[in-house]
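User: I would like to go through this chain step by step, from the overall fold down to single residues. Please reason through each point before you settle on an answer.

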Amino acid sequence: TTIHFVYPAVVLIGSAVFHKEKLTLEKTGIVLAAFAGIYLLSAESGRISVSIVGFLLAFISGVFYAYYILKVSYSNLRTMNSYVLVYHISLHNFFYFLITALLTNTLTLDITIIAYLDVVLLALFSIAAMSAFKTGLNYISSWSAAILSSFEPLTSIMVGVVIFKETFNMRSFFGTGIIILSVVYIALIEKRNEVRLKSVKASVK
């Protein structure tokens, strides 16, 4: 999980290399702070066990997710309706996984009614989350959206503590604090940029 969240750094680097965005120490520091917070939330205390295959798969998933963020932010997909984009992505994913399951003989429909209901709920929540994320990219920068996504593991921790009565230790406390501070700082930066943009427009008029 921790390695997957390398994507904010990949987004930051990709936007600077391919889209000529300014790479500042401020942005770099926020990305590193957010990753540190995610590590504190995700990594097991006192134990570091790395599988090369797992590491590579997690890293590749982070790179691909960063590519998705950059593609939506800097292409014509930005103007596409969020639900339309999610529909096309979901449709292609459906056929991809269906073909993969048939070829590998791993398709099974022998699950309980509760499991089917869980799948439906998961699909609905996923559609809402993907649509909201894409809509957010219309209003904020790609790297800001990537940092805000750091709330994902934080939300998982909070749900675990409230619903499943999991422990909330000092690592979780510091990780939570770092992520919240990073997100708040992102909001301040976006607000500052908005004020600057209004000032530029006013001076042009």
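The questions and answers below concern a predicted model.

User: Which pattern does the chain follow when read along the sequence?

Analyst: The model is predicted, and the chain in it has eight helices and zero strands. Read along the sequence, the pattern is therefore written with helix symbols throughout, given that count of eight helices and zero strands and the way such runs are numbered from the N terminus. The pattern is α-α-α-α-α-α-α-α.

User: How far apart are the end C-alpha atoms of helix 3, and what span should its 22 residues have?

Analyst: Helix 3 covers residues 52–73, and the expected span takes 1.5 Å times one less than the number of residues, so that its 22 residues should span 32 Å. The computed separation of the end C-alpha atoms agrees with this expectation, at 31 Å.

User: Against which helices do the buried residues of helix 3 pack?

Analyst: The buried residues of helix 3 include Ala-58, Gly-62, Ala-66 and Ile-69. For Ile-69, leaving out residues up to four places away in sequence, the residues touched are Tyr-7, Val-11, Phe-133, Leu-137, Ser-142 and Ala-146. Taken together, the buried residues of helix 3 pack against helix 1, helix 4, helix 5 and helix 6.

User: Which residues touch the most other members of the largest nonpolar core?

Analyst: The largest nonpolar core holds 27 residues. The elements that give two or more residues to this core are helix 1, helix 2, helix 3, helix 5, helix 6, helix 7 and helix 8. The residues that touch the most other members are Val-11, Ile-69, Trp-143 and Ile-147.

User: Is Ser-144 buried or exposed?

Analyst: Ser-144 lies in helix 6, which runs over residues 142–148, and, leaving aside neighbours within four places in sequence, Ser-144 is in contact with Ile-186 and Glu-190. Its relative accessible area is 0%, and since the cut-off for this class is under 20%, Ser-144 counts as buried.

User: Which class of exposure does Tyr-116 fall into?

Analyst: Tyr-116 has its place in helix 5, the helix that gives the most to the nonpolar patch, with five residues. That surface patch, with about 910 Å² of accessible area together, has Tyr-116 and Leu-117 among its members. Because its relative accessibility is 35%, between the 20% and 50% limits, Tyr-116 is partly exposed.

User: What share of the exposed area of the chain do carbon and sulfur atoms supply?

Analyst: Buried residues make up 27% of the 205 residues in the chain. The chain exposes about 13900 Å², and the share of this area that carbon and sulfur atoms supply is 72%.

Technical notes. Residues numbered from 1 in each chain as written. Predicted model: local features only at pLDDT ≥ 70, side-chain atom pairs only at ≥ 80, totals over all residues. Heavy atoms only, no water. Helix = DSSP H or I, 4+ residues; strand = E, 2+ residues; numbered from the N terminus. Buried < 20%, exposed > 50% of the residue type's maximum accessible area, 1.4 Å probe, protein only. Contact = heavy atoms within 4.5 Å. Patch = residues over 30% accessible without salt bridge, like charges linked within 9 Å, V, L, I, M, F, W, Y side chains within 5 Å. Areas by Shrake-Rupley, 256 points an atom, 1.4 Å probe, with all protein chains shown as cover. Salt bridge = Lys/Arg side-chain N within 4 Å of Asp/Glu carboxyl O. Core = buried A, V, L, I, M, F, W, Y, C linked by side-chain atoms within 4.5 Å.
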